[in-house]
Amino acid sequence: MVQVIEIPEGRYIMYGKIIDYITEHNLINKGDKIVIGLSGGADSVSLFLILCKLKEEYNLELYAVHVNHCIRGEEALLDADFCRELAEKYEVPYRCAVVDVPMLAARLKLTEEETGRKVRYEEFEKELISRGADKIAVAHHMNDNVETILYRMCRGTGIKGMTGIPCKRDNIIRPLLGVRREEITAYLAMRNQDYREDATNACTDYDRNKVRNTIIPELESINSGTVAHIDSLSKQLESIYSWYADSVKEAFDKYIICRHGERIVEINSLIDMHPALRGELIRLMIGELTSSLKDIEHRHIDGILALINGDSGSSINLPYSLKAENEYGTIRISVITNEESGNTKTDSTKNGSTKQSEMVIEEPGYSGEWQQVYLPDTGCYRESISLRTEVVACVPAATDIPKNYCTKWVDYDKIIGKPIVRRVSSEDYIYVNGNCKKKLGRYVIDSKIPRRYRDKLLVVADGNHVLWVVGGRASEGGYVDGKTRRILTVTIE
C-alpha cells in the first residue's frame, strides 16, 4: 500500500519552481477539471502529488487515467495496482485502460512507441470528454524536452523542431517542463514517496532511450549543465521562431497558390526570398497538406529546394504520399493521385458503361459522368465530373453567351458530323485567331498543362476538330454569332 506523508511543500525548491512555472504560463485556472496521465513512474507521480496539493487552493477536480500497454506482463499489472492505490489514497477518481499496443502497432504499421503515445492521448481525451474536464496534464519535464530536441536533430529537424515540447498545446498542459529529472526524484525521496520503474526505459532498443541513456550522459560528462543549457536555448529559439513564423505566414499568404490537394509557389518568388524563409515556407506548404510533419526531414526540404534549378517536370516523392515537382516555373507540392500511384479507375457513365472512350451527342443531347478529368482554366483535377449537353433553337444576343469555364455554347449547324465527347487524340486540332488551325498538342504545351494531366483532358469534338477542351479553350470554328439558329450547350455540373 502507498503511504501518504504530509510534509509542507514550501520546504522544496522544486515545488516553488513548478508553481512559478504554472503561474508564468497560465497553465491552471481556479475551478479547472484536470485529467492526469498517471503511469506510476517518478514523473507522473510527482505531477499527481503536486496537483493534489493544489487541489484545495485552486478548487480543482482531478481524474487519473492509467494505460496498460500490454507489453510488460505482470509488471504492467503491478503498475496499474500501484496507480489505483495512489489515486484511492488521495480520493481521486481513477480509470485503467487496457490496450494491446503491440497488436495495434502491427495493424497501424507504426512503432510501439508511436502507437503507445497515440493510445495514451486517445484515452486521456476520452476521459476529458466523459468527465466534462478542461485540461489534460502530462508529466514531461526538462530532460524530456532535451531528449526530444536531440532526437529531432538526429532525424534532421528544422528550427521549429528545435523549440522542443510546448508547455501547453490545445487542452494539454505540462507543468513539470521547468524542472529536471533529478529534481523530481529528489522531491519524491524527500516525501518518502514510492514510484514504479519501467524496465523498458533502460532498454536501448528504442531510439529515444539511446538519447536518454547514452547521448545525454556523454554530453553531461563535458558539462554538467548540458540539459539546462539546451533547454534554455530551446526557449530562446521559441521566442525567435514566433517572430520568424509570422514572417513565414506573411510570405505564405502573399506567394502561395492554394488548390485542392496542392500548394504552388513561383520559383522566381523563392529565388527573390531571403534564404532563411524558403525552407520554412516549404515546410508550411507541406504542413497544409498533411496532418503531421514528423517524418519531414531536412533532406526533404533540401531536395525540394534543389528542384528550383532542375528541369520542368523534375520531381521528388515525399512522405505522407506527397510529391514535389518543378512545373513550368513553379514548385508544386501535391497529394499523389490514384493514377500517379498506379491505382487508376476506369471512365464510366450514368448508364453503367465502363472504360468509355467516347460518347456521341445525339440531338437533343445527353448526360453522363466522366472520371479523372483535368479542367485547364482552373488548373483543377477532378476524380469525376458530370457533363450535360442540349441542343436548343435560339437566336442569341451577344450578351447572352456564357463566359464562364463550366458552360460553353457551340453553333450546332457549323458541326459537320455528329459531335462526340471523348479523350484527346494526337490528330486533334483547334481553330484560333480566325482560320488558323493549331494542333491541340501545341495548345496543351502553350497553355502549360502539366504532363501528368494531358491524357486527362476531355473534349467535345467534330471528328478531329476540337470544339471545346472541357473546362478550357473553345475553337473559333464553332463560335456562336448573329447567324446562329441552333446552339449546342455543354455544361459541367
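## Chain overview and helix 9

The accessible surface of the chain is about 24,400 Å², and carbon and sulfur atoms make up 50% of that area. The model is a predicted one. Of the chain's 493 residues, 47% count as buried. Among contacts with a separation of 6 or more, 69% join residues that lie 24 or more positions apart.

The chain holds 14 helices and 21 strands. Its radius of gyration is 32 Å, whereas the globule rule gives 23 Å for 493 residues; the chain is therefore more spread out than a compact globule. Along its principal axes, the C-alpha trace spans about 100 × 45 × 40 Å.

One of the helices, helix 9, can be followed in detail. This helix covers residues 207-222, which makes 16 residues. At 1.5 Å a residue it should span 22 Å, and because its end C-alpha atoms are 22 Å apart, the expected and modelled values agree. Helix 9 also has a kink of about 30 degrees at Ile-215, shortly before the proline Pro-217.

Which residues of helix 9 are buried? They are Asn-209, Val-211, Arg-212 and Ile-216. An α-helix has 3.6 residues a turn, so residues three or four places apart point the same way. The cover over the buried residues of helix 9 includes three other helices, listed here with their residue ranges.

| Helix covering helix 9 | Residues |
|---|---|
| helix 6 | residues 142-155 |
| helix 8 | residues 181-190 |
| helix 10 | residues 226-255 |

Technical notes: Residues are numbered from 1 along each chain as its sequence is written. This is a predicted model: local features need pLDDT of at least 70, side-chain atom pairs count only at pLDDT 80 or more; totals for chains, interfaces and linings use all residues. Side-chain values use heavy atoms; hydrogens and water are left out. Helices (H or I, at least four residues) and strands (E, at least two) are DSSP runs, numbered from the N terminus. The expected span of a helix is 1.5 Å times one less than its number of residues. The bend at a residue is the angle between axes fitted to the seven residues ending there and the seven starting there. Buried means under 20% relative accessible area, exposed over 50%, partly exposed in between (1.4 Å probe, protein chains only). Contact means heavy atoms within 4.5 Å. The radius of gyration is taken over C-alpha atoms; the globule rule is 2.2 Å times the number of residues to the power 0.38. Accessible areas come from the Shrake-Rupley method with a 1.4 Å probe; for residues, only the protein chains shown count as cover.
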